[in-house]
Amino acid sequence: MTTTIETTPILDVLHRMYAAWTAADADAFAAEYTDDATVVLPGTFHQGRAAVRDFMANAFTGRLKDTRGIDEPQDIRLVGKDTAIVVSKTAVLMVGEQDVPPDRQRIGTWVLTRQDGRWLVAAFANSPAH
């Protein structure tokens, strides 16, 4: 069952995450995930908020240092009353880049859940867009 929803609270989660990315703040980034969240990226799997935090902390001091995450939601829908699915165009803008090369463009799927009135990311996965 898909229902109409107010998308602002869901989009706010993504905005806070990408603001944390820009600030290289792994704690704030991971705070938007559930305790048992899963993240699947090409070739990797992370389970739990702590694992997401550790992955991002290492990335922010390594390969993602001074980068910017990009997320452009293409579809947002509610399944039931406390689960939202967001499909986005996602990418990482590397230092000095104005545009993301086609080989680094991704399609991401976010699953958010509402817990105690707050939307959190329960799962994220992405794959190459091309």
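Trainee: What makes β5 and β6 a pair in this predicted model?

Mentor: The count of bridges does. Two strands pair if DSSP finds at least two bridges between them. β5 and strand β6 (residues 106-115) are joined by 8 bridges, so they qualify. The two strands run antiparallel.

Trainee: Which residue stands opposite Trp110?

Mentor: Val86 does.

Trainee: What makes β4 and β5 a pair?

Mentor: The rule asks for at least two bridges. Strand β4 (residues 68-79) and β5 have 11 bridges, so they pair. Their sense is antiparallel. Two of the partnerships can be named. Pro73 is matched with Ser88 in β5. Val79 is matched with Thr83 in β5.

Trainee: What lies between β4 and β5?

Mentor: There are 3 residues between them, and the two strands form a hairpin. In the turn, Gly80 has a positive phi of about 75°.

Trainee: Why is β5 called mostly covered?

Mentor: Buried means under 20% relative accessible area. In strand β5 (residues 83-93), 8 of the 11 residues are buried by that cut-off, so the strand is described as mostly covered.

Trainee: How do you know whether Trp110 is buried or exposed?

Mentor: Set its value against the cut-off. The relative accessibility of Trp110 is 1%. The limit for buried is under 20%, so Trp110 counts as buried.

Trainee: What does Trp110 touch?

Mentor: Trp110 lies in strand β6. Leave aside its neighbours within four places in sequence. Then its contacts include Leu14, Met17, Tyr18 and Tyr33. Asp71, Ala84, Ile85, Val86 and Ser88 are also among them. So are Val121, Ala123 and Phe124. A contact needs heavy atoms within 4.5 Å.

Trainee: How far apart are Trp110 and Leu14?

Mentor: Along the chain, they are 96 residues apart. Their C-alpha atoms are separated by 9.5 Å.

Trainee: Why is Val13 called buried?

Mentor: Val13 has a relative accessible area of 0%. That is under 20%, so the residue is buried. Val13 belongs to helix α1. Beyond its neighbours within four places in sequence, Val13 contacts Glu32, Leu112, Trp119 and Val121. The C-alpha atoms of Val13 and Tyr33 are separated by 9.3 Å, with their positions 20 residues apart along the chain.

Trainee: Why is Ala24 called partly exposed?

Mentor: Its relative accessible area is 43%. Buried needs under 20% and exposed needs over 50%, so Ala24 falls in between. Ala24 sits in the loop between α1 (8-22) and α2 (26-30). Its phi is near 55°, a positive value in a residue other than glycine.

Trainee: What makes Asp66 exposed?

Mentor: Asp66 has a relative accessible area of 60%. The cut-off is over 50%, so Asp66 is exposed. Asp66 is found in the loop between α3 (49-61) and β4. Phi of Asp66 is also positive, near 65°, in a residue other than glycine.

Trainee: Why does Met94 count as partly exposed?

Mentor: Met94 has a relative accessible area of 30%. The value is neither under 20% nor over 50%, so Met94 is partly exposed. Its place is in the loop between β5 and β6. Not counting residues up to four places away in sequence, Met94 touches Arg63, Thr67 and Arg104. Met94 and Asp66 are 28 residues apart in sequence, and 7.5 Å apart from C-alpha to C-alpha.

Trainee: Now the whole chain. Which elements does the protein chain have?

Mentor: The protein chain has 3 helices and 7 strands. Their order along the sequence is β-α-α-β-β-α-β-β-β-β.

Trainee: Why is the protein chain called as compact as a globular protein of that length?

Mentor: Its radius of gyration is 14 Å. The globule rule gives 14 Å for 130 residues. The two values are close, so the description holds. Along its principal axes, the C-alpha trace spans about 40 × 30 × 25 Å.

Trainee: How much of the protein chain is buried?

Mentor: Of its 130 residues, 36% count as buried. The protein chain exposes about 7,200 Å², and carbon and sulfur atoms supply 52% of that.

Trainee: What share of the contacts joins residues 24 or more positions apart?

Mentor: Such residues account for 49% of the contacts with a separation of 6 or more.

Note on methods
Residues numbered from 1 in each chain as written. Predicted model: local features only at pLDDT ≥ 70, side-chain atom pairs only at ≥ 80, totals over all residues. Heavy atoms only, no water. Helix = DSSP H or I, 4+ residues; strand = E, 2+ residues; numbered from the N terminus. Rg over C-alpha atoms; globule rule 2.2 N^0.38 Å. Buried < 20%, exposed > 50% of the residue type's maximum accessible area, 1.4 Å probe, protein only. Areas by Shrake-Rupley, 256 points an atom, 1.4 Å probe, with all protein chains shown as cover.
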